[in-house]
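Here is a report on one protein chain. It covers contacts, burial and charged pairs.

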Amino acid sequence: FFFKQRKAYEMQRGLVGSEMCIRDSFYIMATTVEENKEEQMEEEQAFNEIDKLQSHGINAADITKLKQAGLCTVMSVLMCPKKELINIKGITEVKADKIFEAAQKIENAGFVSGLEVVEKRKKVKKLKTGSTVLDTLLGGGIESQSITEVFGEFRTGKTQLAHTLAVIAQLPISKGGGGGKVAYI
């Protein structure tokens, strides 16, 4: 596989195993600025940035300290133990309580009703793998908003599957892709 900058690759549908190939389609991944703005408005943001704490009474200097400590989202603040938050230089126990209170106002980290879970599940997309047999086994493909672990012996196609999914995830929805962005680590 060769990944060229600003190019996407299209997989031939219906090919399995050694026949599976990726070819250059010269599709430019970047969409126009207008399309990106429309998509961002339509999609609900998956996380709340820590800067939103400022509108709830937390000063900018404390937010900067939290960022330097590696806390970049409101949910990461809620998941951080109070003792760890107090260990950040300049954050006292009173400030930590105030930060937690503001974070709880922004992020609903409590119990969730079944109807809310159903609404969130409606937003989950199934990403096709390129193999109809594997898609059937997975119940329609790899789910978005989740972690899927693939394991097996060497030379069984794990890396090929990962590269293929990285490509398909970037393709527009009209071409059967996920219409998203990928960071392959």
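Some 42% of the contacts in the protein chain with a separation of 6 or more join residues 24 or more positions apart. The model is predicted. The protein chain averages a pLDDT of 77, and 75% of the residues score at least 70. Confidence is highest in helix α2 (residues 60–68), at a mean of 94, and lowest in strand β2 (residues 22–27), at 27. Over residues 1–38 the pLDDT is below 50, yet this stretch has 60 contacts in the model beyond near neighbours in sequence.

The secondary structure comes to eight helices and four strands. Along the sequence, the pattern is β-β-α-α-α-α-α-α-β-α-β-α. The protein chain has 185 residues, and 25% of them count as buried. Its accessible surface is about 13,500 Å², with 57% belonging to carbon and sulfur atoms.

**The cores**

In soluble globular proteins, nonpolar side chains tend to be buried together. Here the largest nonpolar core holds 19 residues. Ile50, Leu53, Leu66, Leu71, Val77, Leu85 and Ile99 touch the most other members. Helices α2, α3 and α5 are the elements that give two or more residues to this core. Helix α5 gives the most, with six residues. A second, separate core has six residues, including Ile142, Leu161, Leu165 and Ala169.

Is Ile99 buried or exposed? Its relative accessible area is 1%, under the 20% cut-off, so Ile99 counts as buried. Ile99 sits in helix α5 (residues 93–106). Leaving out residues up to four places away in sequence, Ile99 touches Leu53, Ile58, Leu66, Val77, Leu85 and Ile91. Val74 is 25 residues from Ile99 in sequence, and their C-alpha atoms are 9.5 Å apart.

Leu53 has its own set of partners. With the same neighbours left out, Leu53 touches Ile58, Ile63, Leu66, Ile99, Ala102, Ala103 and Ile106.

**Helix α2**

Asp62, Ile63 and Leu66 are buried in α2. Seen down the axis of α2, the buried residues fall within an arc of 100°, so they line one face of the helix. Their cover includes α3 (74–79), α4 (82–86) and α5. After α2 comes Gly70, whose phi is positive, near 95°.

**Charged pairs**

How many salt bridges does a search of the whole structure find? The search finds nine. Three of them are set out below.

| Pair | Closest N to O |
|---|---|
| Glu93 and Lys82 | 3.5 Å |
| Lys82 and Asp97 | 2.7 Å |
| Lys126 and Glu143 | 3.3 Å |

Lys82 appears in a salt bridge with Glu93 and in another with Asp97. Lys82 lies in helix α4 and Asp97 in helix α5, so this pair ties together parts that are 15 residues apart in sequence. Glu93 is also in helix α5, so its bridge to Lys82 ties together parts 11 residues apart in sequence. Lys82 is partly exposed, at 30% relative accessibility. Glu93 is partly exposed at 48%, and Asp97 is partly exposed at 36%.

The Lys126 and Glu143 bridge involves strands. Lys126 lies in strand β3 (residues 126–127) and Glu143 in strand β4 (residues 142–143), so the pair ties together parts that are 17 residues apart in sequence. Lys126 is partly exposed, with a relative accessible area of 39%. Glu143 is partly exposed too, at 23%.

Asp62 returns here: a network of salt bridges links Asp62, Lys65 and Lys95.

How values were computed:
Residues are numbered from 1 along each chain as its sequence is written. This is a predicted model: local features need pLDDT of at least 70, side-chain atom pairs count only at pLDDT 80 or more; totals for chains, interfaces and linings use all residues. Side-chain values use heavy atoms; hydrogens and water are left out. pLDDT is the predictor's confidence in each residue, from 0 to 100. Contact means heavy atoms within 4.5 Å. Buried means under 20% relative accessible area, exposed over 50%, partly exposed in between (1.4 Å probe, protein chains only). Accessible areas come from the Shrake-Rupley method with a 1.4 Å probe; for residues, only the protein chains shown count as cover. The arc is that of the directions from the helix axis to the C-beta atoms. A nonpolar core is a set of buried Ala, Val, Leu, Ile, Met, Phe, Trp, Tyr and Cys residues joined through side-chain atoms within 4.5 Å. A salt bridge is a side-chain nitrogen of Lys or Arg within 4 Å of a carboxyl oxygen of Asp or Glu.
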